[in-house]
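Subject: Structure for you to look at

Dear colleague,

I am passing on a structure that is new to you, and I would be glad if you could look through it with the notes below at hand.

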Amino acid sequence: MPASTPDPPVARVPVPVDTRAPGGTTNAYVAGGLLVDPAARIDALDAAIGLDGASGERRDNGEPGTAAIDAIAVTHTHPDHVGAVAAYARLTGAPVFAHADHADRFAEATGAGPDGTFEDGETVGDTAARAVDTPGHAPDHVAFAVAEEGGEGEAEEGAAPRALLCGDLAVAEGSVVVGAPEGDLREYLDSLERVRDAGYDRLYPGHGPAIDDPTAVCDRLTDHRLDRERAVLEAVEAGASGVDAVVDAAYEKDLTGVADLARATVVAHLEKLLAEGRLGEEWAARLPRDRDSYR
Ligand SMILES: [Zn+2]
């Protein structure tokens, strides 16, 4: 690696926020001119985007290294990712962008009506970040692909390492919640496969450290879901005739504090199995019916 390697252009700023993710922080990122997932306003994030932390005024002096931003977006509109979208839009004057299919949901969650929209594969406003649809954890979930110049130096000449700001699609350790009514397991597994096959050099998740081995982590997360699916199916085959009975059978560990997430996860698995014709039709009446209201 040459000694003059510049700082990687992906800046990760962990933001303390009310989240159930381990660590109690959500990562905000500044990459390719895009501010992603500003979960709350903190000094470190002010500094990362070139705001003067004391006065809140835009520095905007064009100095090299000043990461003035060209746009603001979120990976999805869960409350632990959106808290300071409106504040940073106001402070920086940067336009706010939402996925074209979910602009209303975005405005409701962020309090910022989007100034523009993007669709899968498009760049976000004037930034160098490109949207990659990755539904599953949430119906509006999207990731952002950026070129990571000054990375490990493993790429061919002229081809910078490719990074993906992957939101809650993946985490370095453990797993993310894919639960009803927000989550859709079939979409989630498709998104994992899509990201895996795209061959990114690094993933930057919504919670926790960067992922340097995207293929292994995508495989691990997929296997984890399929293991759970097997347990759910076995519980059904052993006679469980309702969601609660499946939860009891499919989880061996103590669920104190996470029982709601376990139940939501089991419902998502049952929905997938039902949609695939792998459960009897009687299960349609046994699953919660509030799903459409979230779509
Ligand atoms: Zn989320």
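What follows is an account of what was found, going from the whole chain to single residues.

Please keep in mind throughout that this is a predicted model. The chain has 295 residues, of which 42% are buried, and its secondary structure comes to eight helices and 10 strands. Among the contacts with a separation of 6 or more, 57% are between residues 24 or more positions apart.

An open sheet is made of four strands in the order 1-2-3-4, and the pairing within this sheet is mixed. Its edges are strand 1 (11–16) and strand 4 (71–73), each of which pairs on one side only, and neighbouring strands of the sheet are turned against each other by 20° on average, when direction is ignored. Strand 1 runs antiparallel to strand 2 (residues 25–31), and six bridges join the two; in one of these pairings, valine 13 has alanine 28 of strand 2 as its bridge partner.

The loop between strand 3 (34–36) and helix 1 (43–48) holds aspartate 37, a residue other than glycine whose phi is nonetheless positive, near 55°. Because 29 other C-beta atoms lie within 10 Å, aspartate 37 counts as buried. Another backbone feature is found in the loop between strand 9 (162–167) and helix 5, where proline 181 lies: the peptide bond that joins alanine 180 and proline 181 is cis, with omega about 0°.

Much of the rest of this message concerns helix 6. For its 24 residues, a rise of 1.5 Å a residue gives an expected span of 34 Å, and the end C-alpha atoms are indeed 34 Å apart, so the two values agree. The buried residues of helix 6 are Pro214, Val217, Cys218, Leu221, Arg225, Arg228, Val232, Ala235 and Val236, and they pack against helix 5 (185–198), strand 10 (202–205), helix 7 (243–250) and helix 8. Just after helix 6, glycine 239 takes a positive phi of about 115°.

How do helix 6 and helix 8 lie relative to each other, parallel or perpendicular? Helix 6 (residues 214–237) and helix 8 (residues 259–275) pack at an angle of about 80°, with 10 Å between their axes, and since angles of 65 to 115 degrees count as roughly perpendicular, that is therefore how these two helices are described. On the helix 6 side the contact involves Arg228, Glu229, Val232 and Leu233, which meet Val266, His269, Leu270 and Leu273 in helix 8. The residues of this contact divide into five nonpolar, one polar and two charged.

Leucine 233, found in helix 6, has 17 C-beta neighbours inside 10 Å and so counts as partly exposed. Leucine 233 and alanine 250 are 17 residues apart in sequence, while their C-alpha atoms are 8.7 Å apart in space.

The last residue to mention is arginine 196, which has its place in helix 5 and which, with 18 C-beta neighbours inside 10 Å, also counts as partly exposed. Leaving aside residues up to four places away in sequence, arginine 196 touches Pro214, Thr215 and Cys218. Arginine 196 and aspartate 219 are 23 residues apart in sequence, and from C-alpha to C-alpha they are 7.9 Å apart in space.

With kind regards

Key:
Residues are numbered from 1 along each chain as its sequence is written. This is a predicted model: local features need pLDDT of at least 70, side-chain atom pairs count only at pLDDT 80 or more; totals for chains, interfaces and linings use all residues. Axes are lines fitted to C-alpha atoms, for helices over the stretch in contact, and angles run from 0 to 180 degrees between N-to-C directions. Angles under 35 degrees count as roughly parallel, over 145 as roughly antiparallel, 65 to 115 as roughly perpendicular and the rest as oblique. Two residues are in contact if their C-beta atoms, placed from the backbone, lie within 7 Å. Ala, Val, Leu, Ile, Met, Phe, Trp, Tyr, Cys and Pro count as nonpolar, Asp, Glu, Lys and Arg as charged, and the others, Gly among them, as polar. Two strands pair if DSSP finds at least two bridges between them. The expected span of a helix is 1.5 Å times one less than its number of residues. A residue is buried if 20 or more other C-beta atoms lie within 10 Å of its own, exposed if 12 or fewer, and partly exposed in between; C-beta atoms are placed from the backbone.
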